[in-house]
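Work through the exercises below with the sequence and the model side by side. Try each task before reading its solution.

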Amino acid sequence: MTAGAPTAEPGAGPAGRPDRKRTLRPLAGLLGAVAVSQTGTKISTIALPWFVLTTTGSAVQTGLVALFEMAPYVLLKGLSGPVIDRIGPRRVSWTMDLASAVPALLIPLLHAAGALSLPVLLALVAVIGAARGPGDLAKQVMVPEAAERCRVPLERATGLSGTTERLAATVGPGAAGLLVALIGSMSALFVIAGCFAAGSLIIAATLPRAMGRPHRDPDGADDDLGYWARLGQGFGVVRGDPLLLSIALMIAVTNLLDAAFMQVMLPVWVKGAGHGPEVMGLLGTANGITAVTGSLVAAAIAHRMPRRTVFFVGFLIAGAPRFLVLAAGAPLWAVVAVFALGGLGGGFLNPILSAIIVERAPRSHLARVQGLVSSLAWSGIPFGGLLAGAAIGGIGLAPALVTGGILYTVTISLTGLRPEWRGMDRARRAARAAATGRPSPDTPTDGPADHPRAASPR
């Protein structure tokens, strides 16, 4: 649902063609692929760091593995947008899922053969990250088209997508903890490879053949443009929209802190407290269950809620308390409770963010804009583990956790004061007005970037 590509009226297909029979298969198939591939990713985020931490005892090397996975992920996710827009997200999705399964399968095989040195592990992890970035972006790009085909409101579709991701975040850590405890980190990689392969098969087998094809610019202005020109168009949209740029920069900071917490601080705390990987799975599951609840609520009523208020309250609940409860040395039941509360607040965030990006980007540029915003927002993640390892080595775990919690709160609070964030709700009203043909009840006042079409370069 973008203002640049109005949602089809009920009874019409995504291109305005008559749609005689409503079916939820496109959205269900897409969500199924997201579920299995994201579950594989979540399992790997516990299995691989735990393997490195237990075999080397080094927090820095644990962070190094996270760096080699996430740096290619972030880079390729940002750079693959023009390719996805040109050849279509469906093809990119199933091929990249299949490509991710191969190195995930090679890691345990090489380990069993005694040939898995640290450089080899880093190289294979980098290949996984490089394939996951474009594959995940391609699925995100297909959500608004699936919503149109199924005649589902955009915020409900993004809410269901967020629920699916949160469900994977719930099942993945719990499954990872059990798998690592029962069969070991390396054997869990076979399950990860199977999840990636299943995501590829679901996309290829369940989505309509016409779904996921390239969206052409309505005036054909970019038909003959090369890769770099297309990428420049995406940069133009992001640079010309203060809200999108502010979102990306704020989340870059919070994602860096989240990565530092999940990749290094939490495993070090768990190991230092005498717990095993099953506790990491328990905490992830507690967070994920309530996040699923929050995402389901968002899918049901988010289109009627004030986005700005929900967004910042959710972020404040989901962020700093996790750092501070570990630093305080609280008992495990209190830690579980804080993680559960944080998940409830976090469940509202991704549906809101996804809807804002789709509303403010022209459909023919969606992969470029979404990829660049996501890449910028994720740019700090590759360095989170390394910074956490250095901080723990320099000042200790508890001071590092307190510092992380303070930075998280300051980032959210200062960002919430900026004027462009008032456009979060106005963009939704403008998109609805464009879709229904009625004038918007209010007029944007923050400049041309508040109008979803104004930022589209021509």
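**Exercise 1.** How many helices and how many strands does the secondary structure of the chain come to?

*Solution.* Begin by keeping in mind that the model is a predicted one. Going along the chain, one arrives at 18 helices and zero strands. As a next step, consider burial: of the 458 residues, 56% count as buried. Then turn to the contacts between residues at least 6 apart in sequence, of which 88% join residues at least 24 apart.

**Exercise 2.** Find which residues have the most contacts inside the largest nonpolar core, and which helix gives the most to this core.

*Solution.* The largest nonpolar core has 89 residues, and those with the most contacts inside it are Ile107, Leu121, Met265, Leu266 and Phe311. Helix H9, which covers residues 242-272, gives the most to this core, with 14 residues. Taking Ile107 and leaving aside its neighbours within four places in sequence, one finds it in contact with Leu116, Leu121, Leu124, Val125, Ile128, Met186 and Leu189. Apart from this core lies another, of 14 residues, including Leu31, Ala33, Cys150 and Met211.

**Exercise 3.** Explain why Val402 can be part of a nonpolar surface patch.

*Solution.* First locate the patch of about 560 Å², which is made by Leu324, Val402, Ile406, Val410, Leu414 and Leu417. Its largest share, four residues, comes from helix H17 (residues 397-416), and Val402 is found in helix H17. A patch residue needs over 30% relative accessible area; Val402 is partly exposed, with a relative accessible area of 34%, and therefore passes this cut-off.

How values were computed: Residues are numbered from 1 along each chain as its sequence is written. This is a predicted model: local features need pLDDT of at least 70, side-chain atom pairs count only at pLDDT 80 or more; totals for chains, interfaces and linings use all residues. Side-chain values use heavy atoms; hydrogens and water are left out. Patches are made of residues with over 30% relative accessible area and no salt bridge: like charges are joined within 9 Å, nonpolar side chains (Val, Leu, Ile, Met, Phe, Trp, Tyr) within 5 Å. Accessible areas come from the Shrake-Rupley method with a 1.4 Å probe; for residues, only the protein chains shown count as cover. A salt bridge is a side-chain nitrogen of Lys or Arg within 4 Å of a carboxyl oxygen of Asp or Glu. Helices (H or I, at least four residues) and strands (E, at least two) are DSSP runs, numbered from the N terminus. Buried means under 20% relative accessible area, exposed over 50%, partly exposed in between (1.4 Å probe, protein chains only). A nonpolar core is a set of buried Ala, Val, Leu, Ile, Met, Phe, Trp, Tyr and Cys residues joined through side-chain atoms within 4.5 Å. Contact means heavy atoms within 4.5 Å.
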